[in-house]
Amino acid sequence: ARQVATALWSFLSLAATRGAPLPRCYGDLWRAAGDLDTRAMLDVNWCNFFHAYLIHTELIGVSAMSKGKDVEAVLDRPDAASLVDGARNFPPWLATDAEEAWTRNAFEEVEGSMGHREV
């Protein structure tokens, strides 16, 4: 789980911050994530998967919005096929277990000032 989560997060981070294209195996990584035994998943893995998902949705949103199009009208990015393939293979636990772990980590398990909480 750790390797798949880290690979997804890394590829997406580079795509978002450096404009690096996603590899052709991107959809396969999401398929592999869906095949994992979630009973042994650690919170850090859940968080990495959900953070990767957030970056993915941001890449689609920003690219589509910059062209004045709906998010569904995906992109003129060279890796558009990989983005679409990845989205088709999001595991069902992304919206439940992964989001819950990420939210807990981001808001409940940290100590921050009121200013940070407001942001």
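This report describes the helical architecture, the nonpolar core and selected residues of a predicted model.

**Overall composition**

The secondary structure of the chain amounts to six helices and zero strands. Read from the N terminus, the elements follow the order α-α-α-α-α-α. Of the 119 residues in the chain, 33% count as buried. Among contacts between residues at least 6 apart in sequence, 69% link residues at least 24 apart.

**Packing of α2 against α4**

Helix α2 (residues 26-35) packs with helix α4 (residues 80-88) at an angle of about 10°, and their axes lie 7 Å apart. Angles under 35 degrees count as roughly parallel, and α2 and α4 are therefore roughly parallel to each other. Their crossing is right-handed. On the α2 side, the contact involves Y26, G27, D28, W30 and R31, which meet S82, L83, D85 and G86 of α4. By residue class, this contact of α2 with α4 comprises three nonpolar, three polar and three charged residues.

**The nonpolar core**

The largest nonpolar core has 24 residues, of which L8, L12, W30, F49, W93 and L94 touch the most other members. Two or more residues are given to this core by each of α1 (2-18), α2, α3 (43-66) and α5 (97-108). Helix α3 supplies the largest share, eight residues. In soluble globular proteins, nonpolar side chains tend to be buried together. W30 belongs to the core members with the most contacts to other members, and W30 is also among the α2 residues that meet α4.

L12 is another of these core residues. When neighbours within four places in sequence are left aside, L12 is in contact with L22, Y26, A52, I55, H56 and L59. Y26 in turn is one of the α2 residues at the contact with α4.

**S13 and G19**

Two further residues, one in a helix and one in a loop, are set side by side below.

| Residue | Place | Relative accessible area | Class |
|---|---|---|---|
| S13 | helix α1 | 14% | buried |
| G19 | loop between α1 and α2 | 52% | exposed |

S13 counts as buried because its relative accessibility is 14%, under the 20% cut-off for that class. Apart from neighbours within four places in sequence, S13 is in contact with R18 and I55; I55 also appears among the contacts of L12. G19, by contrast, is exposed because its relative accessible area is 52%, over the 50% limit. The C-alpha atoms of G19 and L59 are separated by 9.9 Å, although these residues stand 40 residues apart along the chain. L59 is itself one of the residues in contact with L12.

Conventions. Residues numbered from 1 in each chain as written. Predicted model: local features only at pLDDT ≥ 70, side-chain atom pairs only at ≥ 80, totals over all residues. Heavy atoms only, no water. Axes fitted to C-alpha atoms, helices over the stretch in contact; angles between N-to-C directions. Helix = DSSP H or I, 4+ residues; strand = E, 2+ residues; numbered from the N terminus. Parallel < 35°, antiparallel > 145°, perpendicular 65-115°, else oblique. Left-handed = near helix turned anticlockwise from the far one by under 90°. Contact = heavy atoms within 4.5 Å. Nonpolar A, V, L, I, M, F, W, Y, C, P; charged D, E, K, R; others polar. Core = buried A, V, L, I, M, F, W, Y, C linked by side-chain atoms within 4.5 Å. Buried < 20%, exposed > 50% of the residue type's maximum accessible area, 1.4 Å probe, protein only.
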